[in-house]
Amino acid sequence: ENVNKSGVQGQGMREAQNINKSLLALGDVVASLQSKSGHVSYRNSKLTMMLKDSLGGDSKTMMIVQCSPAQSNVTETTSSLTFASKARNVELGKATRN
């Protein structure tokens, strides 16, 4: 959430900050999974805690990225595509059926 661009204030600003923290934690998890790090920090966010079973182990996860063709959104679009590219490079092995 780009708070400077949206002009949000007060409670909305705190919500946007929490969203940004959760997305940062998700990026850290993706980076840990990509590097095959022994420790993955799922506990840094409620979002990553909830997604733990979907992001690791024997699961496969699909990411859908919404991009805007507007020039005014090029920063957000580039950031989203960069994140999706990093997530795409995570290989955990073949998914198994439980």
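Q: Why is lysine 36 called exposed?
A: Exposed means over 50% relative accessible area, buried under 20%, and partly exposed in between, with a 1.4 Å probe and protein chains only. Lysine 36 has a relative accessible area of 59%, so it counts as exposed. This is a predicted model, in which local features need pLDDT of at least 70 and side-chain atom pairs count only at pLDDT 80 or more, while totals for chains, interfaces and linings use all residues. Residues are numbered from 1 along each chain as its sequence is written, and side-chain values use heavy atoms, with hydrogens and water left out.

Q: What makes the phi of lysine 36 worth listing?
A: Most residues other than glycine have a negative phi. Lysine 36 is not a glycine, yet its phi is positive, about 55°. The residue comes just after H2, in the loop between H2 and helix H3 (46-55). Helices here are DSSP runs of H or I with at least four residues, strands are runs of E with at least two, and both are numbered from the N terminus.

Q: Why is aspartate 28 called partly exposed?
A: Its relative accessible area is 35%, which lies between the two cut-offs, so aspartate 28 is partly exposed. Aspartate 28 lies in helix H2. Its C-alpha is 8.2 Å from that of valine 40, with the two positions 12 residues apart in sequence numbering.

Q: Why is threonine 77 called buried?
A: Threonine 77 has a relative accessible area of 13%, under the 20% limit, and therefore counts as buried. It is placed in helix H4. Leaving out residues up to four places away in sequence, threonine 77 touches Cys67 and Ser68, where contact means heavy atoms within 4.5 Å.

Q: What makes the set around Leu26 and Val40 a nonpolar core?
A: A nonpolar core is a set of buried Ala, Val, Leu, Ile, Met, Phe, Trp, Tyr and Cys residues joined through side-chain atoms within 4.5 Å. The largest one has 6 residues: Leu26, Val29, Leu33, Val40, Tyr42 and Leu55. Helix H2 (residues 11-34) gives the most to this core, with 3 residues. Valine 40 touches Val29, Ser32 and Leu33, again not counting residues up to four places away in sequence.

Q: How do you know that the length of H2 is close to the expected one?
A: The expected span is 1.5 Å times one less than the number of residues. For the 24 residues of H2 that gives 34 Å, and the span from first to last C-alpha is 35 Å.

Q: What covers the buried residues of H2?
A: Those residues are Ala16, Ala25, Leu26, Val29, Val30, Ser32 and Leu33. Their cover includes helix H1 (3-6), H3 and helix H4 (74-88).

Q: Which residues make the contact of H2 with H4?
A: Leu26, Gly27, Val30 and Gln34 in H2 meet Phe83, Lys86 and Ala87 in H4. These residues divide into 4 nonpolar, 2 polar and 1 charged. Ala, Val, Leu, Ile, Met, Phe, Trp, Tyr, Cys and Pro count as nonpolar, Asp, Glu, Lys and Arg as charged, and the others, Gly among them, as polar.

Q: What makes the pattern of the protein chain α-α-α-α?
A: The protein chain has 4 helices and 0 strands, and reading along the sequence gives α-α-α-α.
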